[in-house]
Amino acid sequence: MATNPETERAVRIWDVPTRAFHWLLAVLILAAYLTQEFGQLDRHMTIGYVVLTLVLFRILWGIIGSEPSRFVSFMPTPGKVGRYLAALSRGRPPKMAGHNPLGALLIFAMLVLVALQAGTGLFANDDIFTEGPLAKLVSSETSADLTDIHKTSFWILLWCIVAHVVANVGYEVVFRQPVIQAMVTGLKPLPAVIAAPRLRPLWLAVPPLALAGFTVWYVVTQV
Ligand code: HEM
């Protein structure tokens with residue numbers, strides 16, 4: 001008997017590295033904000049180094065990782081975004097084995113902003129006792145400018161996060177697409193017409209993670 005192409009089955013779309021990256025990043029962004037608010041700058045800087053490691057890792061995983069996590073697979077071209085917006089305006093966003101083009105726009109923006117946050121933090125200073133490990137490489141004016149960018153870009157990132165969370169909750173509530181569960185369990189119900197993506201083995205995440213960690217350690221302690 002032929003299978004109905006609309007019949008749904010649970011498909012693994014998010015691998016462990018992508019899910020671990022996502023939830024660690026979410027917790028660390030909150031922790032970075034709180035430690036800064038409570039004046040715990042040593043902890044704030046340590047969190048920044050871990051965030052930088054995660055972002056470097058995600059860039060590498062976006063090149064060699066599982067199909068749905070690779071940047072080329074969710075590059076939001078104008079054509080893809082336009083078609084997706086048209087479907088969304090009809091109230092029927094298509095189900096996808098990965099990020100939708102609109103979500104992808106926000107995801108790329110957040111990745112750039114998080115990299116900018118952590119990167120400028122290396123050169124920032126608080127005008128009192130604390131400065132980033134690379135502040136000594138630039139003039140005090142440049143360090144002050146980068147500190148301003150570090151502070152301003154956080155608020156842009158915050159608004160992107162708010163939009164991201166509202167959009168994901170909207171998909172759950174309005175379109176009944178369990179996207180948040182998918183980011184937790186890795187599994188998403190998809191119609192049989194959508195092929196299961198190819199996922200990479202877990203061990204393949206170890207070299208890019210080690211490379212990212214080593215790079216950050218080197219920049220922070222040896223430069
Ligand atoms: C500081 C907070 C957060 C940041 C910086 C953030 C950032 C990101 C990033 C960068 C991705 C892409 C993941 C990847 O491909 O590696 C993503 C995806 C996702 N995030 Fe978040 N996130 C945050 C909080 C949350 C929260 C609280 C939720 C739950 C309500 C959430 C739900 C999701 C979901 C469901 C996806 C996958 C979206 C899709 O299916 O295309 N995120 N997030």
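What covers the buried residues of α1? Part of the answer is α2, residues 41-64. Keep that pair of helices in mind as you go through these notes, and remember that you are looking at a predicted model.

1. Let's start with the whole chain. The protein chain holds seven helices and two strands. If you walk along the sequence, they come in the pattern β-α-α-α-α-α-α-β-α. Along its principal axes, the C-alpha trace spans about 70 × 40 × 30 Å.

2. Next, a couple of overall numbers. The protein chain has 223 residues, and 25% of them count as buried. Take the contacts between residues at least 6 apart in sequence: 69% of these join residues at least 24 apart.

3. Now zoom in on α1. This helix runs over residues 16-37, so to speak, 22 residues in total. From its first C-alpha to its last it reaches 32 Å, close to the 32 Å expected at 1.5 Å a residue.

4. Which residues of α1 are buried? They are Pro 17, Thr 18, Phe 21, Ala 32 and Gln 36. These buried residues sit on the same side of α1, because they cover an arc of only 80° around the axis. Turn to the other side of α1 and you'll find Trp 23, Val 27, Leu 30 and Glu 37, which are exposed.

5. His 22 is worth a quick stop too. You'll find His 22 in helix α1. Is His 22 buried or partly exposed? His 22 counts as partly exposed because it has 16 other C-beta atoms within 10 Å, and a residue needs 20 or more to be buried, while 12 or fewer would make it exposed. Here's a distance to try in your viewer: His 22 and Asp 42 are 20 residues apart in sequence, and their C-alpha atoms are 24 Å apart in space.

6. Just after α1 comes Gly 39, so have a look at its backbone. Gly 39 takes a positive phi of about 70°.

7. Back to the opening pair. For two packed helices, we describe the angle between their axes and the distance between the axes. In the case of α1 and α2, the angle is about 155° and the axes are 9 Å apart. That angle is why α1 is roughly antiparallel to α2, since anything over 145 degrees gets that label. The crossing of α1 past α2 is left-handed. Among the residues making the contact are Phe 21, Leu 24, Leu 25 and Leu 28 of α1, along with Ile 47, Val 50, Val 51 and Leu 54 of α2.

8. α2 has a second partner to check: helix α4, residues 101-121. The axes of α2 and α4 come within 9 Å and cross at roughly 135°. That makes α2 oblique to α4. Here, too, α2 passes α4 in a left-handed crossing. On the α2 side the contact uses Gly 48, Val 51, Leu 52, Val 55 and Arg 58. On the α4 side it uses Leu 111, Val 114, Ala 115, Ala 118 and Gly 121.

9. One last residue to click on is Arg 176. Where is Arg 176? Look in the loop between α5 (140-173) and α6 (179-185). Arg 176 has a positive phi of about 55° although it is not a glycine. Arg 176 is also exposed, because it has 7 other C-beta atoms within 10 Å.

Notes: Residues numbered from 1 in each chain as written. Predicted model: local features only at pLDDT ≥ 70, side-chain atom pairs only at ≥ 80, totals over all residues. Helix = DSSP H or I, 4+ residues; strand = E, 2+ residues; numbered from the N terminus. Expected span 1.5 Å × (residues − 1). Arc of directions from axis to C-beta. Contact = placed C-beta atoms within 7 Å. Axes fitted to C-alpha atoms, helices over the stretch in contact; angles between N-to-C directions. Parallel < 35°, antiparallel > 145°, perpendicular 65-115°, else oblique. Left-handed = near helix turned anticlockwise from the far one by under 90°.
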